[in-house]
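Trainee: I should be grateful for a close look at a single part of this structure, followed by its surroundings. Please explain each term where it first arises.

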Amino acid sequence: MTHGSATRLIAEIGTLPPRLRHELDAIRRAGGCSRVELHQALGLRPATVTHDTARLLRLGLIQSGRASGRAQGRPRLPLEIDARSWQALGVSIEPGIVRVQAVDLNGQPLAPVLQRRAHGAQGLLGETRHLLQQMLGDQILAIGLAVPGFVEPRSLHVLFSAAWPQAGPIDLAPLQDLAAPRRIILDNSTNTLACRVQFERPVVDGQDQLLIYFADGRLGASLLAAGRPVAGCICGANELGHNRLPVPTPRCYCGRTGCLERIFSRQFLQAQDGRRQDLGASLMDPARRPAVDRMSDLLAVGLANALNFCRVGRVIWAIDLPGTEPYFRALARQVRGQLLRELRQRVEISLLTQTGPCGPRDAATLALTQVCFQPDGPGPALARPAASRTRTTAALHAVRDRPRHEAEAR
Ligand SMILES: [Zn+2]
């Protein structure tokens, strides 16, 4: 594939009609299928399937797999995702570290994770730039970028982040300039993790879901409607960790105290009983029961409020604390006891205990989902002429400065 033809194909894949994305996702989720199976599963006319799959083959998104033998008639020629033509690149930024990994169109890693350590926004973004320069090739279809905190995906801004607590809003336009013509798909770490969970699980029709991520000092939520994270400012989702209760805690990087993610931390437990211990071990240690009970009572109030507010049918707790499943089963019972009576009967809480933190593979899945498989695609990038960037950033600074001034006034 030449650079020119790659550029043309990337542009065409980025604007694929919803029906073709739907067909492509059906082929992926089935692990390969014939044209007949595709037309039966999706209710499309055979001629439409033939026409669409020819285009997907030409774009290098699918390939003809091995023929399955049949007793009578012509063998069916299954179609499967082409795992060799295109790749997606995932970048995850966490405090002090950037990780990058390439995956194929099935979301399978193609090489080990590359990582660089750095501090502050400039250091981390400088290392991100170096890694992208190293990894970008004509086979890369899209780039996913996951950052903890409050992000504005369409304008590629990170408004605030645990990765650079002291920095103001960060504009990622220079990275997009480097990656062009490919899109950089930005989202926060919890939405990115939810996107990968959704990519790997069967679609649950008609059920809105809330994924909550638990780690020491980290509590994130992602509201999934119609199988995808809801972008925008829905209460109870994304900023769950910064919902506050009137209890003393260490100051959060958001500038406040009493945040739920400061409560769900080893520091909060230490303030209760003076002992230093990992959060995961503490949750399972009978000697720390009074401190853990105090924390759980507060956490259950915050989680039940979020569930009452969102009123989803299905809740997934993604737990990044190995060996703590019994604790979370008990916490789920405690939360359920505080839900609205009608909701208590209906809501299903399931635990995902092998989740791990959001990583570059998840970020690559985010890019794949939006660029190839999601019916409405990644949506248009926010057009920003170079001259307007300063104004955008200045306006975001004004928004960011407001809570800081309030904090000083208290
Ligand atoms: Zn906070």
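Mentor: Helices (DSSP runs of H or I, at least four residues) and strands (DSSP runs of E, at least two) are numbered from the N terminus. Residues are numbered from 1 along each chain as its sequence is written. The model is predicted: local features need pLDDT of at least 70, side-chain atom pairs count only at pLDDT 80 or more, and totals for chains, interfaces and linings use all residues. The protein chain has 15 helices and 15 strands.

Let us take the pair α9 and α11 as the part to examine. Helix α9 comprises residues 266-273, and α11 spans 289-310. Their axes lie 9 Å apart, and the two helices pack at an angle of about 125°. Such a value makes α9 oblique to α11, since angles under 35 degrees count as roughly parallel, over 145 as roughly antiparallel, 65 to 115 as roughly perpendicular and the rest as oblique. Here axes are lines fitted to C-alpha atoms, for helices over the stretch in contact, and angles run from 0 to 180 degrees between N-to-C directions. The crossing of α9 with α11 is right-handed: the near helix is turned clockwise from the far one by less than a right angle, whereas an anticlockwise turn would be left-handed.

Which residues of α9 and α11 meet? From α9 come F268, L269, Q272 and D273, and from α11 come P290, A291, V292, R294 and M295. Contact means that the C-beta atoms of two residues, placed from the backbone, lie within 7 Å. By class, the residues of this contact divide into six nonpolar, one polar and two charged. Nonpolar covers Ala, Val, Leu, Ile, Met, Phe, Trp, Tyr, Cys and Pro, charged covers Asp, Glu, Lys and Arg, and the others, Gly among them, are polar.

D273 deserves particular attention. Leaving aside residues up to four places away in sequence, D273 touches R288, P290 and A291. The C-alpha atoms of D273 and V292 are separated by 9.7 Å, although their positions lie 19 residues apart along the chain as a count of separation. D273 is partly exposed, because 15 other C-beta atoms lie within 10 Å; a residue is buried with 20 or more other C-beta atoms within 10 Å of its own, exposed with 12 or fewer, and partly exposed in between, C-beta atoms being placed from the backbone.

After α11, the loop leading to β14 (314-319) contains R311. The phi of R311 is near 50°, a positive value in a residue other than glycine. R311 has 15 C-beta neighbours inside 10 Å and therefore counts as partly exposed. L156 also has a positive phi, about 55°, although it is not a glycine. L156 lies in the loop between β7 (150-152) and β8 (157-160) and is buried, because 22 other C-beta atoms lie within 10 Å. Most residues other than glycine have a negative phi, and most peptide bonds are trans. The peptide bond from A180 to P181 is cis, with omega near 10°, and P181 belongs to the loop between α6 (173-179) and β10.

Strand β14, mentioned above, belongs to an open sheet of five strands with mixed pairing, in the order β13-β12-β11-β14-β15. Two strands pair if DSSP finds at least two bridges between them. At the edges are β13 (228-229) and β15 (348-352), each pairing on one side only. Strands β11 (residues 209-215) and β12 (residues 218-225) run antiparallel and are joined by seven bridges; the bridge partner of Q209 in β12 is L224. Helix α7 (residues 189-200) packs on this sheet, where it touches β11, β12, β13, β14 and β15, and its direction makes about 50° with that of β12.

A further open sheet of five strands, also with mixed pairing, has the order β5-β4-β3-β6-β10. Its edge strands are β5 (114-117) and β10 (184-188), each of which pairs on one side only. Within this sheet, β3 (residues 87-94) and β6 (residues 140-147) pair in the parallel sense over six bridges, and L89 has I143 as its bridge partner in β6. Helix α5 (residues 120-135) lies across β3, β4 (97-103) and β5, at about 25° to β4.
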